[in-house]
Structures are given as structure tokens and as C-alpha cells.
Amino acid sequence: MRPTWCIFAVTPESKINLDGSGMTTPVDYREVSKFNHIARNYWDPEGPMRAIHQINPLRIDFVESYYPLQDAKVLDVGCGGGLAAEAMAKRGSLVTGIDISPEMLKTAKLHARECKVKVTYLQSHAEAFATKHACEFDLVTCFEMIEHVPDPIQTLRALSQLVRPGGWLVISTINRTLKAYLGTVLVAEYILNWVPKGTHDYTRFIKPSEVAAGLRPEGLDVKSIEGVVYQPQYKQFKRSTSTIDMNYQLAARKSE
């Protein structure tokens, strides 16, 4: 594996964390603070994460259409309060969830204990974790997180390093389009109040082509991209193979 070189400018929005390997990694602590504040209501299906609760089954079905979850060694990066991690564990995976938010991890651990679901939760981020766990996982997932990091290409590189040869990386995020801005920022935050105001920053949304370009040098090829669209008449989400201009999910396989 070739070495990872991290070059970045330190801004007031970034904090330098030393992971023990000598590599420095920026973490936007304002983003961490946002999720710390909603951690206590994370598992409320009618709370600030209600849309994620509705989308989660679609995410897990998408994952399992590319890699069987039974007995899979899975890493869920940016696991939050454990919604996806628990769902994959219930389907038979050996799941590790990592997140940088201490409050989210407390929520995840408590819920897993109450529901008797076995998930290992650790406070870390992709860049730090990859220095000690490269090529360890059959499947790496990263749901609704890449749009909250200061340097998505650096994070994509780290996610790629965590996948074993022949394994899979599944990412879900938000496309950088006018429709996505109107739907996920204007409507979801300011009209429907689905998520707290300020949750999303349009400038951090990332196009599927940019994700693919970030993964290709790391030996991963995108095999599938699907959209997730909201059906207001039914008040539910559905998977779409033709509409990816808002939320989308992407599956990439690492070469053997």
C-alpha cells in the first residue's frame, strides 16, 4: 500500500488530532458539536433524525445487495448513535462502529446494551483508524458523513485503505445540485423541520463523479449508484436507479 500524504491548511473550523502515527488529521469540531446536541434524541423515529430512520432500511438493503452481511466483518464510519451499525449486526455481521462524537457514542452504546445487540464502538475517525487497521474489513460503510468533513478526498482515501482486497465500500451522501439544496437545506431544515437548522452546508455536498475520482486512485471501482427519493404522497422514501440528484448511495469494490 502506498503511503498517505495529508496536506491541509488549519483553519478555525479545524482541529489537529494526533493519532500516534505522526499523521495529523483535521476534524471540524463545529460539525461534531451539531451531532453532540442531537444525540439524546437520536433514536426517536419522530425526532431530528426521522429522515435517517426512514432511509436506513433502504441503505441496509442496498449494502446487502452487494455483500452478504451474515458473518461479514464490517466497519461503520461515522456511526452516530448506531442506527445502521445495529441493523447490520442484526443481520449477522461482526460490526465495529467509529465516530468522533462522544455523545453519539454514549447513545450508541446504551441503545445496543438495552437491545442486546453486539456492536463494538470506538471513538475515532477514518484517517486515524486506517493507520492501524488497513485492509481489515470485508465491508466499510459511511452513511451521511462525507458531507460533514473538511477534506472529503482525504477521508475517501482513508476509507479505501480500510477495505480488504476484494471487499466493498458503501457510501451515502448528498449530491451538489440546486435540487439537493432546495430539498435537503431549504425544505428539510427550514420548512419541514426534519433536521436542525444548519445541519447541512451546500458547499460540502459532493457529486458522484467526485467520489468516484477520489476512489479510483485507491484501487476501488464504482459498481453502482442509486438515488434515494422522497414520495410526499406516501410520506416515505424509495430507492431509484434513475434519480441521483439529491441523496444517493454508491457501492465500490476494491481490486483483488
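**Reading Glu144 and helix α2**

Q: What covers the buried residues of α2?
A: Look for the elements that touch them. In this predicted model, the cover includes α3 (83-90), β6, β7 (163-174), β8 (220-231), β9 (236-240) and β10 (247-254).

Q: Which residues of α2 are the buried ones?
A: Go along the helix and pick out the residues with little accessible area. Here they are Arg50, Ala51, His53, Ile55, Asn56, Leu58, Arg59, Ile60, Phe62 and Val63.

Q: How do I read the span of α2, and where is the kink?
A: Set the end-to-end reach against the expected one. With 15 residues (50-64), α2 reaches 22 Å from first C-alpha to last, close to the 21 Å expected. There's also a kink of about 35° at Asn56, shortly before Pro57.

Q: Where is Glu144 in the chain?
A: Find the elements on either side. Glu144 is in the loop between β6 (137-143) and α6 (152-162).

Q: Why does Glu144 count as buried?
A: Check its relative accessible area against the cut-off. Glu144 has 16%, and buried means under 20%, so Glu144 counts as buried.

Q: Which side chains make polar contacts with the side chain of Glu144?
A: Look for N and O atoms that pair up. The Glu144 side chain makes a polar contact with the side chain of Arg59 (2.6 Å), and another, of 2.7 Å, joins it to the side chain of Ser172. Arg59 is one of the buried residues of α2.

Q: What else is Glu144 in contact with, leaving aside neighbours within four places in sequence?
A: Besides Arg59 and Ser172, the list holds Ile52, Thr173 and Asn247.

How values were computed
Residues are numbered from 1 along each chain as its sequence is written. This is a predicted model: local features need pLDDT of at least 70, side-chain atom pairs count only at pLDDT 80 or more; totals for chains, interfaces and linings use all residues. Side-chain values use heavy atoms; hydrogens and water are left out. Helices (H or I, at least four residues) and strands (E, at least two) are DSSP runs, numbered from the N terminus. Buried means under 20% relative accessible area, exposed over 50%, partly exposed in between (1.4 Å probe, protein chains only). A polar contact is a pair of N or O atoms within 3.5 Å; within protein, one must be able to donate a hydrogen and the other to accept it, and residues adjacent in sequence count only if both atoms are side-chain atoms. Contact means heavy atoms within 4.5 Å. The expected span of a helix is 1.5 Å times one less than its number of residues. The bend at a residue is the angle between axes fitted to the seven residues ending there and the seven starting there.
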